[in-house]
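User: Hi! I have a protein structure open and I'm new to this. Could you walk me through it?

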Amino acid sequence: MIINVEIYMPSKEEINATNISIEIAKTAVESALSSYGIEAITSPTLDYAPLPNDDAYTGIKVEKDKSSDKYSVSLYVTLSVGIKITEVLSSVQKLVLFNLSKKFNNKIKEVNVYAVGIVVNK
């Protein structure tokens, strides 16, 4: 019996893009979690339950735009009760974009921040 096995080896560019995406995600999560009013990074498909910070990367999506070679970042967050939602989301968006643009030499196309839930009781 002969079995053909095809081994896929990613190119150097693919490896670099993956490493950059991971670093972008780390920086974005750290920036968002340091912001006032943010309780947790949350999965968009979870029933509004905040994830432990170890699992924060399921609540972020980093995509590379092939035409412009820039990255788009989407963050899904759970907010604290009693805050002005639009102000906090806008503030987080600006902070994350600033920190990413500074660290990655303006390779960031956009940052989107979505409120998935609000924590009422801790």
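Analyst: Happy to; we can go from the overall layout to single residues. One thing to keep in mind is that this is a predicted model.

User: Okay, how many helices and strands does the protein chain have?

Analyst: The protein chain has 2 helices and 4 strands. Starting at the N terminus, the order of the elements is α-β-β-β-α-β.

User: And what share of the residues counts as buried?

Analyst: The chain has 122 residues, and 36% of them count as buried. As for the surface, the chain exposes about 8300 Å², with carbon and sulfur atoms supplying 53% of that.

User: What about contacts between residues well separated in sequence?

Analyst: Take the contacts between residues at least 6 apart in sequence: 67% of them join residues at least 24 apart.

User: Which residues touch the most other members of the largest nonpolar core?

Analyst: Those are Leu 75, Val 96 and Leu 100, in a core of 23 residues. At least two residues of this core come from each of α1 (12–33), β1 (38–41), β3 (70–80), α2 and β4 (108–119).

User: Why would nonpolar residues gather like that?

Analyst: As a general tendency, nonpolar side chains in soluble globular proteins are buried together.

User: Back to Leu 75, then. What is it in contact with?

Analyst: If we leave aside neighbours within four places in sequence, Leu 75 is in contact with Ala 28, Ala 32, Ile 41, Gly 59, Ile 60, Val 96, Asn 112, Val 113 and Tyr 114.

User: Let's look at helix α2. What span should helix α2 have, and what is the distance between its end C-alpha atoms?

Analyst: Helix α2 covers residues 85–103, which is 19 residues. At 1.5 Å a residue they should span 27 Å, and the end C-alpha atoms are 27 Å apart, so the two agree.

User: Which residues of α2 are buried?

Analyst: They are Val 88, Leu 89, Val 92, Val 96, Leu 100 and Ser 101.

User: Ser 101 caught my eye. Why does Ser 101 count as buried?

Analyst: Its relative accessible area is 16%, and buried means under 20%, so Ser 101 makes the cut. Not counting residues up to four places away in sequence, Ser 101 touches Asn 106 and Ile 108.

User: Where is Asn 106?

Analyst: Asn 106 is in the loop between α2 and β4. Its phi is positive, about 60°, although Asn 106 is not a glycine. Asn 105, which follows α2, also has a positive phi, near 50°.

User: Which other loop residue has a positive phi of about 60°, although it is not a glycine?

Analyst: Asp 69 does. Asp 69 sits in the loop between β2 and β3 and is partly exposed, with a relative accessible area of 46%.

User: New topic: how many aromatic pairs are there?

Analyst: The structure holds 1 aromatic pair. Tyr 76 and Tyr 114 are stacked, with 5.1 Å from centre to centre and 20° between the planes. They come from distant parts of the chain: Tyr 76 is in strand β3 and Tyr 114 is in strand β4, 38 residues apart.

User: Is Tyr 76 buried or exposed?

Analyst: Tyr 76 counts as buried, because its relative accessibility is 17%. Tyr 114, at 38% relative accessibility, counts as partly exposed.

User: What about strand β2? I was looking at Asp 65.

Analyst: Asp 65 is in strand β2, which covers residues 60–65. The side chains of Asp 65 and Ser 68 are joined by a polar contact of 3.0 Å. Setting aside residues up to four places away in sequence, Asp 65 touches Lys 70 and Lys 109.

User: And Ala 40, is that buried or exposed?

Analyst: Ala 40, in strand β1, counts as buried at 3% relative accessibility. Ala 40 and Val 29 are 11 residues apart in sequence, with 9.2 Å between their C-alpha atoms.

User: Last one: where is Val 81?

Analyst: Val 81 is in the loop between β3 and α2. Apart from neighbours within four places in sequence, Val 81 is in contact with Ile 118, Val 119 and Val 120. Its C-alpha atom is separated by 9.5 Å from that of Glu 39, and the two residues are 42 apart along the chain.

Definitions and conventions. Residues numbered from 1 in each chain as written. Predicted model: local features only at pLDDT ≥ 70, side-chain atom pairs only at ≥ 80, totals over all residues. Heavy atoms only, no water. Expected span 1.5 Å × (residues − 1). Buried < 20%, exposed > 50% of the residue type's maximum accessible area, 1.4 Å probe, protein only. Core = buried A, V, L, I, M, F, W, Y, C linked by side-chain atoms within 4.5 Å. Contact = heavy atoms within 4.5 Å. Areas by Shrake-Rupley, 256 points an atom, 1.4 Å probe, with all protein chains shown as cover. Phe/Tyr/Trp six-rings, centres within 6.5 Å; stacked < 30°, edge-to-face > 60°. Polar contact = N/O pair within 3.5 Å; in protein donor to acceptor, adjacent residues only side chain to side chain.
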